[in-house]
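Here's a protein chain to get to know, and we'll take it step by step. Have a look at the fold before reading on.

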Amino acid sequence: FNIIEWIRKVQDEKPRIDALVSLLSNYGAKASPDEESRDMASLHYSVRFSFSGKVVVTIGIILMDHQTTSDVVIETMTTLPKTNCRKGFGSRAITALLQWASSNKLTGVRATQVNGAENEWFWRKKGFVQAPQPNPCNDFLWHEHQ
């Protein structure tokens, strides 16, 4: 694996990936590059879903991740205000994200660093399965055919 060649490929693909990510607007999301990321070997985005103007679900995703073979890596998910956690908003956001991924032939989706039984149950309910061992980050995988 040549990281320098990979970084060049990521930079060459960035305009195409930015256009692909902009299609999330068709699924009710606003997406933007994560300008704070210093990772040059993958593309980080913040995806924001707003429900009824009162609840916001923000999902951090990575495309062209050099560490996995996944098309999309979900690295964070936050629901605000926190009083709206576990009320289905995250589920709706993930469903929309998976529909976007499927529509754009991004079939390998990974949720990384899944901690706790309730979080594991959430991802299983969405059709994810625990990644095979070794799995030090407790990642969960989704593939379109599931």
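What is the order of the strands in the open sheet, and what kind of pairing does the sheet have? Keep in mind as you trace it that this is a predicted model. The sheet has seven strands, and their order is 1-2-3-4-5-7-6, with mixed pairing. At the edges sit strand 1 (29–33) and strand 6 (129–130), each of which pairs on one side only. As a bit of background, strands of a sheet pair through backbone hydrogen bonds, and they can do that either parallel or antiparallel.

Let's start walking at the strand 1 edge. Strand 1 and strand 2 are antiparallel partners, paired over five bridges, and here you can find K30 standing opposite R48 of strand 2. Next door, strand 2 and strand 3 also run antiparallel, joined by nine bridges. Y45 stands opposite I61 in strand 3. These two strands form a hairpin, with three residues between them. Look for S52 in that turn: it has a positive phi of about 55°.

Further along, the direction of pairing changes character. Strand 4 and strand 5 run parallel, with three bridges joining them. Two of the facing pairs are easy to pick out: V72 stands opposite V109 in strand 5, and V73 stands opposite R110 in strand 5. To get from strand 4 to strand 5, the chain passes through helix 2, and this β-α-β crossover is right-handed. On its other pairing, strand 5 meets strand 7 in the antiparallel sense, over four bridges. R110 turns up again here, standing opposite L141 in strand 7.

Strand 5 is worth a pause. In a regular strand, side chains alternate between the two faces of the sheet. You can see this in strand 5, where G108 and R110 point one way while V109 and A111 point the other way. Are these residues buried or exposed? All of them are buried.

Now for the helices against the sheet. Helix 2 packs on the sheet and touches strand 2, strand 3, strand 4, strand 5 and strand 7. The direction of helix 2 makes about 35° with that of strand 3. Helix 3, for its part, lies across strand 4, strand 5, strand 6 and strand 7, and runs at about 10° to strand 7.

Which residues touch the most other members of the largest nonpolar core? They are F49, I59, I74, W100, W123 and F128, out of 39 residues in that core. Several elements give two or more residues to this core, including helix 1 (3–22), strand 2 (43–51), strand 3 (55–63) and helix 3 (117–125). Helix 2 gives the most, with eight residues. To see how one core member fits in, zoom in on F49. Beyond its neighbours within four places in sequence, F49 is in contact with residues including Y27, V57, I59, A93 and L97.

One last stop is E120, which is found in helix 3. Why does E120 count as buried? Its relative accessibility is 19%, and buried means under 20%, so E120 falls on the buried side of the cut-off. The side chain of E120 makes a polar contact with the side chain of N138, at 2.9 Å. Leaving aside neighbours within four places in sequence, E120 is in contact with V114, Q130, N138 and F140.

Note on methods: Residues numbered from 1 in each chain as written. Predicted model: local features only at pLDDT ≥ 70, side-chain atom pairs only at ≥ 80, totals over all residues. Heavy atoms only, no water. Core = buried A, V, L, I, M, F, W, Y, C linked by side-chain atoms within 4.5 Å. Buried < 20%, exposed > 50% of the residue type's maximum accessible area, 1.4 Å probe, protein only. Contact = heavy atoms within 4.5 Å. Pairing = 2+ DSSP bridges. Axes fitted to C-alpha atoms, helices over the stretch in contact; angles between N-to-C directions. Polar contact = N/O pair within 3.5 Å; in protein donor to acceptor, adjacent residues only side chain to side chain. Right-handed = clockwise from strand over helix to strand, strands pointing away.
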